[in-house]
Every structure is written in C-alpha cells, then in structure tokens.
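Colleague: I would be grateful for a close look at a single part of this model, followed outward to whatever surrounds it. Please keep the account connected.

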Amino acid sequence: GAECPLHPHEDIESNTYVVTGHFLHADSLGNNGRLEGGAAQIMTFSHDGDLHSEKNGSPDEPMRFIQFWILPSTRGLPAGVQQRGYTLEDRTDRWLQIMGPAGEDGLDLAQDARALVSHLTDAGRLEHTFGPGRGGYLYVIDGRVGINGDRMRTGDAAKVTGEARLELSTDLAAELILIDVPLQFEPVGVWAGEPSRPKLLAGDAP
C-alpha cells in the first residue's frame, strides 16, 4: 500500500518498468492504470508541468519497479501516458525493446534512446553494441551474469560512456535492463534555460 503521492515534473519523460507486484499510476491529466510485472510505461511531462503518483496496489504484497528519466529532444511536447504489458516469454533469451524512438518497437520516446529488457537463461547468450557517440547503463535486476569476462550479480550495474560491445551469458539465470542513449543532444525546455512553469500541487494556494 505504500504510495509516492502526486508530484510535478516538466520537460521530461518518466519511464517505468514493473519488475514484480501491482503498480498503480495516477496523474493530473485524469489517467490511471494498474500495471503488473513485466509492464512498461512512459509519461511525458509538458513544459506546463504535470503531476503523477505511484502506489503499490497490494496492501500485503511487495511491489518492485525501476524508474528512470530521459530528456526529450523535441520542443513543445504534449503531456501524455503510454503503457503496455509484456510476458516472460516475450523477453526470454532475447532483448525485448520496451521503449524506443517512434516507429520502432516498444513505447515511443521523444529521444534517440532505447530501453531493453531480458530474462537470460543458461541456454541463452546476448550481445549489445553501443555505437559512436552513444552510451548507457546496464542493471542486473536479479540473478548473475558474465559481461565481457566480468561477473555481476543482483543489484550490480555497469555504466557505458562510449563505443563498446557487450557479450552476456549466465550459468543460472538473470533479469536485465539496458538503456542506450546519445551522449550529446540539444536540451529543450527548462534544460535549455527556459523559465519553469510547474503546476500547483493539490492544496497549494494560487
């Protein structure tokens, strides 16, 4: 039943991957939704400032989710929410792209960025190449995995700051999430120095 109550963001995309449990979403646009393990969500926050909240939908079961933020490269984005459920089979022994630029697999990001997840078994192998000018972040959600000869376990992470090729394998199993982003891009909105216009929180005086 734990809750992070309504709070504001602007000129940013808040990206959520539900690992386990029942994730409840609400926002100032009137959207709400319940996401189960394996689901993905993007909320785009406009320059006007919008509110969202996260809550564990169960009073007695734990809920685990990963949330990260990507700065958009498009000015004047309207606020909105996208969400989609995925199964374990969708990501077993392969990279499943859950977010990417419009026109690619997964939910649409307003940036040349991608989020991929995988359930890697001892029968599978994975690779990922970061091209010139790109970097990213790999997080081991659960299990253990070998990456280019190094061993990583639950909670370990690797930051990539340039061109690289990752080779991954496991002798047991591993749950992984990988973010691939441009290292250089033109910021927009408040990140480019434009004045902030956040919405009032509930109960604030005008």
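Colleague: Where is Thr-170 placed, and which residues is Thr-170 in contact with, leaving aside its neighbours within four places in sequence?

Modeller: In this predicted model, Thr-170 sits in the loop that joins strand 16 (164–169) to strand 17 (173–182). Thr-170 counts as buried because its relative accessibility is 6%, and the limit for buried is under 20%. Two polar contacts involve its side chain. A polar atom of the Thr-170 side chain lies 2.6 Å from the backbone oxygen of Arg-144, and the side chain also reaches the backbone nitrogen of Ala-173 at 3.2 Å. Ala-173 belongs to the range of strand 17 (173–182). When neighbours within four places in sequence are set aside, the contacts of Thr-170 are Leu-120, Thr-121, Asp-122, Arg-125, Arg-144 and Val-145. Arg-144 thus appears both in the polar contact and in the list of contacts.

From this loop the description passes to strand 17, where Glu-175 is placed. Glu-175 has a relative accessibility of 14% and therefore counts as buried. Its side chain makes a polar contact with the side chain of Arg-91 at 3.1 Å, and the two side chains meet in a salt bridge, with 3.1 Å from N to O. This pair links distant parts of the chain: Arg-91 is in helix 1 (residues 88–91) and Glu-175 in strand 17, 84 residues apart. Arg-91 is buried, as is Glu-175. Not counting residues up to four places away in sequence, Glu-175 touches Leu-88, Arg-91, Ser-118, His-119, Tyr-139, Val-140, Ile-141 and Asp-142.

Side chains of opposite charge can pair when their charged atoms come close. The structure holds 13 salt bridges. One of them joins Glu-186 and Arg-75, at 3.6 Å from N to O. Glu-186 lies in the segment after strand 17 and Arg-75 in the loop between strand 7 (64–70) and strand 8 (80–84), so this salt bridge ties together parts that are 111 residues apart in sequence. Glu-186 counts as exposed, at 57% relative accessibility, while Arg-75 is partly exposed, with a relative accessible area of 47%.

Another salt bridge is formed by Glu-104 and Arg-114, whose closest N and O atoms are 2.9 Å apart. Glu-104 lies in the loop between strand 9 (96–101) and strand 10 (107–109), and Arg-114 in strand 11 (residues 114–121), so the pair ties together parts that are 10 residues apart in sequence. Glu-104 counts as partly exposed at 34% relative accessibility, whereas Arg-114 counts as buried at 19%. Both residues take part in a network of salt bridges that links Glu-104, Asp-112, Arg-114, Arg-134 and Asp-180.

The nonpolar surroundings come next. In soluble globular proteins, nonpolar side chains tend to be buried together. The largest nonpolar core here has 19 residues, and those with the most contacts inside it are Tyr-17, Phe-68, Ile-98, Met-99 and Ile-177. At least two residues of this core come from each of strand 2 (12–20), strand 5 (40–45), strand 7, strand 9, strand 10, strand 11 and strand 17. Apart from it lies another core, of 16 residues, including Val-145, Ile-147, Val-160 and Leu-176. Val-145 is also among the contacts of Thr-170.

Leu-138, in strand 13, is buried, with a relative accessible area of 1%. Leaving aside neighbours within four places in sequence, Leu-138 is in contact with Trp-95, Ile-147, Asp-156, Ala-157, Ala-158, Leu-166, Leu-168, Leu-176, Ile-177 and Leu-178. Among these contacts, Ile-147 and Leu-176 are members of the core of 16 residues, and Ile-177 is one of the residues with the most contacts inside the largest core. Along the chain, Leu-138 and Asn-148 are 10 residues apart, and their C-alpha atoms are separated by 13 Å.

Finally, there is the open space. About 230 Å³ lies in the largest pocket. Of its 13 lining residues, the closest to the pocket centre are Phe-68, Trp-69, Ile-70, Ile-179 and Val-181. Strand 7, strand 13 (134–147) and strand 17 are the elements that give two or more residues to this lining. Strand 17 accordingly recurs throughout this account: the loop of Thr-170 leads to it, Glu-175 is placed in it, and it supplies residues to the largest core and to the pocket lining.

Note on methods: Residues numbered from 1 in each chain as written. Predicted model: local features only at pLDDT ≥ 70, side-chain atom pairs only at ≥ 80, totals over all residues. Heavy atoms only, no water. Helix = DSSP H or I, 4+ residues; strand = E, 2+ residues; numbered from the N terminus. Buried < 20%, exposed > 50% of the residue type's maximum accessible area, 1.4 Å probe, protein only. Polar contact = N/O pair within 3.5 Å; in protein donor to acceptor, adjacent residues only side chain to side chain. Contact = heavy atoms within 4.5 Å. Salt bridge = Lys/Arg side-chain N within 4 Å of Asp/Glu carboxyl O. Core = buried A, V, L, I, M, F, W, Y, C linked by side-chain atoms within 4.5 Å. 1 Å grid on protein atoms, 1.4 Å probe; cavity = no way out; pocket = protein on both sides within 12 Å on 5 of 7 lines; lining within 4 Å. Points joined across faces, edges and corners; volume = space filled by probe spheres on them.
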